[in-house]
Amino acid sequence: MKQLLEKFNALSEREQRLVLVAALVTAILLFYLLVWSPLNQSIARNQAAVASQQELLNWVQKNANRVQQLKGSASQGAKFNGSLPQAVNQTASRLSISIARMQPQGDELQVWVDEAPFNQVVAWLQSLEQMGIVIQDADFAETAKPGQIRIRRLQLSKG
């Protein structure tokens with residue numbers, strides 16, 4: 001550092017000003033490249049993520065009433081007596097829902113679906129309940145595609 005200061009002092013006054021201006025421009029450029037630009041990019045990325053999540057929230061809120069109606073419209077007196085896996089397969093195929101995995105457990109059945117349109121899943125669940133099949137438990141997750149959900153686990157039983 002001492003050597004740099006000696007070299008700087010050895011320069012003429014005009015050269016010293018030129019070195020100071022160059023140092024100031026370099027400092028501003030480094031600040032912009034290392035702090036300001038990454039910060040602005042991060043803010044823009046986060047604003048886009050917030051907008052995307054807000055859009056998803058609005059969509060879920062809009063469709064929440066339909067889910068509540070489906071839940072409330074379960075036929076209480078109907079009892080299902082047929083083959084649970086067969087009924088689930090038939091109703092799912094009618095609505096073009098591709099079942100990834102099914103696991104029977106006595107009178108219950110667990111179902112997994114990798115990806116399906118939300119509206120079709122709601123219609124599917126409604127048709128199952130109208131047949132007298134009871135939805136014991138359901139675990140849904142969003143997917144990368146808007147309007148699509150993944151059924152992590154759907155536990156069904158005979159009514």
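# Surface, fold and core of a predicted chain

User: What share of the accessible surface of the chain belongs to carbon and sulfur atoms?

Analyst: The model is predicted. The accessible surface of the chain comes to about 11,200 Å². Of this surface, the part that belongs to carbon and sulfur atoms is 56%.

User: In what order do the elements of the chain run from the N terminus on?

Analyst: The chain holds four helices and four strands. Read from the N terminus on, these elements run α-α-α-β-β-α-β-β.

User: What radius of gyration does the chain have, set beside that of a compact globule of 159 residues?

Analyst: The C-alpha trace spans about 100 × 30 × 20 Å along its principal axes. A compact globule of 159 residues would have a radius of gyration near 15 Å. For the chain, the corresponding value is 31 Å.

User: What percentage of the contacts with a separation of 6 or more is accounted for by residues 24 or more positions apart?

Analyst: The question concerns contacts in the chain with a separation of 6 or more. Among these, the share from residues 24 or more positions apart is 59%.

User: How far apart do the centres of the positive and negative side chains lie?

Analyst: The chain carries 16 positive and 12 negative side chains. The distance between the centres of the two sets is 2 Å.

User: Which element gives the most residues to the largest nonpolar core?

Analyst: Buried residues make up 23% of the 159 residues in the chain. The largest nonpolar core has 21 residues, and V111 and W124 touch the most other members. Two or more residues come from each of α3 (84–94), β2 (108–117), α4 (118–130) and β4 (148–158). With six residues, the element that gives the most to this core is α4.

User: Which of the two residues that touch the most other members of the core is in contact with V111?

Analyst: In the largest nonpolar core, V111 and W124 touch the most other members. With neighbours within four places in sequence left aside, the contacts of V111 include V88, I99, M102, I151, L154 and L156. The contacts of V111 also include R101, R153 and the residue asked for, W124.

User: Is A116 buried or exposed?

Analyst: A116 has its place in strand β2. Leaving aside neighbours within four places in sequence, A116 is in contact with I97, V121, G147, Q148 and I149. Because its relative accessible area is 1% and the cut-off for burial is under 20%, A116 counts as buried.

User: Why does E129 count as buried?

Analyst: E129 has its place in helix α4. In space, E129 and F80 are 9.4 Å apart, C-alpha to C-alpha, although their positions lie 49 residues apart in sequence. Burial requires a relative accessible area under 20%, so E129 counts as buried because its relative accessibility is 10%.

User: What is the distance in space between L56 and G147, C-alpha to C-alpha?

Analyst: L56 has its place in helix α2 (residues 13–72). At 26% relative accessibility, L56 counts as partly exposed. L56 and G147 are 91 residues apart in sequence, and their C-alpha to C-alpha distance is 8.7 Å.

User: Which phi value does S96 have?

Analyst: S96 lies in the loop between α3 and β1 (101–105). Because its relative accessibility is 59% and the cut-off for exposure is over 50%, S96 counts as exposed. Although S96 is not a glycine, its phi is positive, at about 60°.

Definitions and conventions. Residues numbered from 1 in each chain as written. Predicted model: local features only at pLDDT ≥ 70, side-chain atom pairs only at ≥ 80, totals over all residues. Heavy atoms only, no water. Rg over C-alpha atoms; globule rule 2.2 N^0.38 Å. Buried < 20%, exposed > 50% of the residue type's maximum accessible area, 1.4 Å probe, protein only. Contact = heavy atoms within 4.5 Å. Areas by Shrake-Rupley, 256 points an atom, 1.4 Å probe, with all protein chains shown as cover. Lys, Arg positive; Asp, Glu negative; His and termini not counted. Charge placed at Lys NZ, Arg CZ, Asp CG, Glu CD. Core = buried A, V, L, I, M, F, W, Y, C linked by side-chain atoms within 4.5 Å.
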